[in-house]
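Reader: Hi! Could you walk me through this one? I'm new to reading structures.
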Amino acid sequence: MQNFLSFPEYRGVSREQFFNDIVPQQKPVVIRGLVSDWPLVEASFQSDEYFCRYLAQFYRGEHVNVVLGHPAIEGRFFYNDNLDGFNYIEGGERLDLFLGRLLELAGRDVKPSVAVQGVAVDKILPGLSAANPATLFAEPVAPKLWVGNKVSVSAHYDGSDNLACVVAGKRRFVLFPPEQVANLYPGPLDYTPAGAPVSLVSLHAPDFDRYPRYREALKNAYSAVLEPGDAIFIPMLWWHHVDSLAEVNGLMNYWWNGSIGKPQQKPTPLQSLNFAAMAMRDLTPAQRNAWRAMFDHYLFKQGEDPQSYIPAHKQGVLGEMSPEFERQVKDWFISLLK
């Protein structure tokens with residue numbers, strides 16, 4: 001295995017320390033034992049069966065989306081060879097039946113890869129989040145639940161800050177900084193396994209002849225293995241590959257401040273990227289470089305901040321927008337796209 005960089009690690013993080021010192025830096029950190037006192041985590045320490053029974057007591061019968069892959073994929077949910085489909089199938093299933101099947105598969109030498117991903121906890125398992133509260137947040141943030149066997153999720157990014165808490169099994173996280181995007185060879189923007197573009201390179205079997213710049217990405221990658229009760233803060237746009245290492249794995253995560261969490265932005269930055277790609281697709285390299293200077297100035301504020309010299313009442317989309325003005329701008333965009 002590649003020698004990766006190490007994350008800063010903390011214990012006993014307070015809400016004030018998390019939001020005043022850690023989150024503003026937009027650098028990933030591991031927080032050991034953050035949720036080790038959760039009953040859900042304590043159940044996982046007893047046994048896989050006890051963990052599944054604990055979850056099932058909150059279940060009220062609504063179907064969840066199950067992802068299923070042939071043993072040949074070796075846990076890697078990904079595209080097919082032509083990138084016009086995926087190497088797994090999906091379908092609705094009762095969560096209690098899925099958990100029973102997961103336990104049954106745990107004893108087999110050859111088995112399919114199975115997972116439920118992004119389960120809306122408050123809808124599917126009412127009462128679970130109240131019994132296992134995320135005390136770092138002053139206001140409630142709706143959690144998502146991820147349960148499966150030994151599966152891998154290819155490197156991808158989230159449009160929001162993410163606090164991921166391991167509640168059963170072990171998970172290995174490998175993170176790449178946002179500036180490594182070109183070295184990760186991201187796939188299509190509009191056709192993805194789970195909504196966000198993913199790296200086309202296999203972390204465990206990289207094809208350096210086809211993806212030579214991936215070596216540079218690996219030099220800048222961070223990694224850690226998290227046990228039940230541990231958490232990791234993943235800032236928005238940090239690419240993360242996740243390996244589930246046990247026969248039964250569980251994770252609860254919280255997205256906030258971005259395109260996934262609240263407050264939600266519309267359009268999201270990813271949608272804006274699609275718009276920009278469509279608008280600039282026919283420009284020459286020189287024209288693209290010219291527009292890069294414009295984006296750096298107005299959007300990324302690399303030089304003099306336009307808000308520092310344009311009067312507030314004339315800043316338009318560069319400044320504070322009233323709900324009425326925001327609606328006018330959106331209507332204008334809609335008219336352009338018709």
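Reader: Where does R32 sit?
Author: R32 lies in strand β2, residues 29-32. Strands here are DSSP runs of E with at least two residues, numbered from the N terminus. This is a predicted model, where local features need pLDDT of at least 70, side-chain atom pairs count only at pLDDT 80 or more, and totals for chains, interfaces and linings use all residues. Residues are numbered from 1 along each chain as its sequence is written, and side-chain values use heavy atoms, leaving out hydrogens and water.

Reader: Cool. Is R32 buried or exposed?
Author: R32 counts as buried because its relative accessibility is 14%. Buried means under 20% relative accessible area, exposed over 50%, and partly exposed in between, using a 1.4 Å probe and protein chains only.

Reader: And what does the side chain of R32 reach?
Author: It reaches the backbone oxygen of V225 at 3.0 Å. The side chains of R32 and D230 are also joined by a polar contact of 2.7 Å. A polar contact is a pair of N or O atoms within 3.5 Å; within protein, one must be able to donate a hydrogen and the other to accept it, and residues adjacent in sequence count only if both atoms are side-chain atoms.

Reader: New topic: how many disulfides are there?
Author: The count is 0, taking a disulfide as a pair of cysteine sulfur atoms within 2.5 Å.

Reader: Why no bond for C52?
Author: Because the closest cysteine sulfur, in C165, is 19 Å from the sulfur of C52, too far for a bond. C52 is buried, at 4% relative accessibility, and C165 is buried at 1%.

Terms used
Helices (H or I, at least four residues) and strands (E, at least two) are DSSP runs, numbered from the N terminus.
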